[in-house]
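Biologist: I should like a close look at one single part of this model, followed by an account of what surrounds it. Please explain each term as you use it, since I am in my first year.

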Amino acid sequence: MNGAMEFLLWTKGPMFQIALGIFAVGMLARLFEILLLGRATNHAEARAGEWLPGLRTVFTRTIPDPGTFRRAPFDVLVGWIWHLGFIIVLLLSVPHVELVAGVFGVSWPTLPNPVIDLLTAITLAGLVAALLHRLLHPVKRRISIPQDYLVWALTFAVVLTGYLAYHRLVDPYPLALGMHILSAELLLICLPFTKLTHIFTTVFARWYNGAAFGRKGVRS
Amino acid sequence: MPTLESIAPVGDTDTDALPPLPGPLVPLLHEVRYALARLIDEGSEHRIDLHALPLNTTLIDQLLAFIGRGEVEARIDAMGPTRIHESATPGVWVVDYRDADDQRLALHLEIASVPQILRTDRATLNAGLQRLDAGLAGAGDPSPPS
Amino acid sequence: MAATQTLAEQLRAQGVSRRGFLKFCAATASLMALPPSLIPRIAEALEAARRPSVIWLSFQECTGCTESLTRSHAPTLEGLIFEAISLDYHHTLQAASGEAAEAARLQAMRDNAGAYLVVVDGSIPGPEANPGYSTVAGHSNHAILMETVEHAAAVIAVGTCAAFGGLPRAAPNPTGARAVMELVDDKPIVNISGCPPIPMAITGVLAHYLTFGRLPELDAYRRPLAFFGESIHDRCYRRPFYDQGLFAESFDDEGARQGWCLYRLGCKGPTTYNACATQRWNGATSWPIEAGHPCLGCSEPAFWDAGGFYQAVSVPPRVNAEALLGAGAAGAALGAGTALAARRFTRHEQQQREPVTVEALEKRL
């Protein structure tokens, strides 16, 4: 009878614990595995330091080189737009900051809701464009595996349900909010076991790249 | 020599001095205009409850200022006051229903020749007649009503 | 017992004039969000309406709902509508007591079979619960409810306890409390939730029933849309501050003094549907958010179990930090174990490696 509210309380209570638990186990297992395995020992004599070039690359790779941009302007531009939108909405909207404050006790300033709303709409449009491009571009379609579509759907579901909840487009409202929280939890659960892991591994991967180049005395 | 019909009623008739009309009120006034045209053509009356519309007090004040005041004003005391005034547009009435604590119950724009609440219904007329007869009988005039 | 008088006669007998009656109709229309063009029809219907018999059942409740309804200032519309029904049974308000009171209920049920309204406040220990948790005149709440609703025209669940179970149903629900709609499934049911509900919402539903002889339009929780159609958040006068990101962080900071949004202080306005923001309380004097306190969400299902009153809507009720840390540690150990096993395997393979030269290979071939 109180279905929607019970659903919301389930997503906020037991399901949230389960999702956080799976995420914690999965993500830490993967990170520890990756970090402890390290790289194969390089027996060649180092020509320069590893640390500085590694750290530099972590940041420089964020901006694509002109060649990449010329070859794939769509991927660079749309990718940038929706990633930025997603991160800003995730980190700077009031309910999200309150969630972090409630669970971890730390908080930071937020953005006004109309700005968050606009960024959400842009992110949604960006994600749709990215999917269309993946489906219509012959090469991208060929190299896509089912997991790519799963990851897209998980990400899209989180943003879409958030948008629906904010605009109260689902009745009753607890159902809308519950759907948003549940889709975020599904994303969290899948994160350690899919390509979504890049949220955490990007930094290490770039550092390894930069460090390897640095050791050889090459700019990356 | 002007005829009786050509004499304009007293009130805010100067259209040049109208206060500005905020955007959300424009469709509302079109509804009023349409209702007024129907009142003239078909004699059908219409009411809009401003209290039930999502208008804040500022917008309601701006609307009331825009439609102005005509020459009629009335007050009814029944379960608290009801204040009525004609707008500068004859046939468009503002009826403000309030409870005994002067809290607004409803605020109507009524498009009619006379607001309904001012008209006296048959049962009340009969009651009035009986009361008058009783008064006359009490005053020693036993002539029966014909 | 329901009098044979029509409502118009009833009001006239109370000295309400024709114009007072028309005003009553205008206010009813406004209250129920009906177009004012319906007023002549409302007047016509109400003139001919007979006083319906109402049986008010009080179960696991605190009488707050009755207080809410009877604390309205006279002479009000609520009062008039309340006068317009024939309240044949109500623990708190009826003069009769003991056997006579129960006899009045049974009499009203017999005389108005199929036509009377049942109003319920309070939750009911379900059929599987110990019936002794709450009894009236030696009968369990459940038995009385089922007996009374059998020939009712409709059931109105007043207050969050009757509508959703409320406080008695909060975990661990020791009395097995249930909502009316969980127990009655063959009658039209209206829920007027709130702790207590807004008096105008109770009378508004009664007025609608008097006027049209049926129940008003309902939402997914069977609550009248005229009162529960919009969230507190969407009708809140502090909403612009939410949109601008201006929040009171405590009850005595600058934001609280400036009247900023109470979201961070735990306001449940976003998930709560009620008419407090428009109808307000105590003769339209004020309402909780206007008084500077966040909405508790009292008109929603499970509001006692929906997390802390002073925690934002988005915050989960509780996070088991130890379990989470444990999970993290287990994950770390698992990852480390895998990595170390892999390294050991590699080292072992390296040690087992037998270098092969081209000459040796050629010899072997």
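Modeller: B:Met79 is partly exposed, because its relative accessible area is 22%; buried means under 20%, exposed over 50% and partly exposed in between, with a 1.4 Å probe and protein chains only. The model is predicted, so local features need pLDDT of at least 70 and side-chain atom pairs pLDDT 80 or more, whereas totals for chains, interfaces and linings use all residues. Residues are numbered from 1 along each chain as its sequence is written, chains are lettered from A and ligands numbered from 1 in the order in which they are written, and side-chain values use heavy atoms, with hydrogens and water left out.

B:Met79 sits in the loop that runs from strand E2 (73–77) to strand E3 (81–86) of chain B. Helices (H or I, at least four residues) and strands (E, at least two) are DSSP runs, numbered from the N terminus. The phi of B:Met79 is positive, about 55 degrees, although this residue is not a glycine. Most residues other than glycine have a negative phi, and most peptide bonds are trans.

Chain C offers another example of a positive phi. C:Ala137, also not a glycine, has a phi of about 50 degrees. The loop that holds C:Ala137 joins strand E5 (135–136) to strand E6 (139–140) of chain C. C:Ala137 counts as exposed because its relative accessibility is 53%.

Two peptide bonds of chain C are also worth locating. C:Ala171 and C:Pro172 are joined by a cis peptide bond with omega of about 5 degrees, and C:Pro172 belongs to the loop between helix H8 (159–164) and strand E8 (177–178) of chain C. The bond from C:Cys195 to C:Pro196 is cis as well, with omega near 0 degrees. C:Pro196 lies in the loop that links strand E9 (189–192) to helix H10 (199–212) of chain C.

Some loop residues of chain C are covered instead. C:His90 follows strand E2 (86–89) and precedes helix H6 (98–111) of chain C, in the loop between them. C:His90 is buried because its relative accessibility is 2%. Apart from residues up to four places away in sequence, C:His90 touches C:Trp56 and C:Thr66, where a contact means heavy atoms within 4.5 Å. C:Leu34 occupies the loop between helix H2 (18–31) and helix H3 (39–48) of chain C, and C:Leu34 is buried because its relative accessibility is 17%. When neighbours within four places in sequence are set aside, C:Leu34 contacts C:Ala29, C:Ile42 and C:Phe212. C:Leu34 and C:Ala226 are 192 residues apart along the chain, yet their C-alpha atoms are separated by 8.7 Å.

These details belong to a chain with 17 helices and nine strands. The C-alpha trace of chain C spans about 125 × 50 × 45 Å along its principal axes. Its radius of gyration is 30 Å, whereas a compact globule of 365 residues would have one near 21 Å; this radius is taken over C-alpha atoms, and the globule rule is 2.2 Å times the number of residues to the power 0.38. Of the 365 residues in chain C, 52% are buried. Among contacts in chain C between residues at least 6 apart in sequence, 75% join residues at least 24 apart. The domain assignment, automatic or from a database, divides chain C into domain 1 (7–228), domain 2 (232–305) and domain 3 (332–364). In the contact between two of these, 22 residues come from domain 1 of chain C and 15 residues from domain 2 of chain C. Their centres, taken over C-alpha atoms, are 28 Å apart.

Chain A has eleven helices and zero strands. Its C-alpha atoms fill a box of roughly 70 × 35 × 35 Å along the principal axes, and 40% of the 220 residues in chain A are buried. Two pairs of chains are in contact, and chains A and C share the most contacts. No contact joins chain A to chain B, the chain of the residue with which this answer began, and their closest C-alpha atoms lie 18 Å apart.
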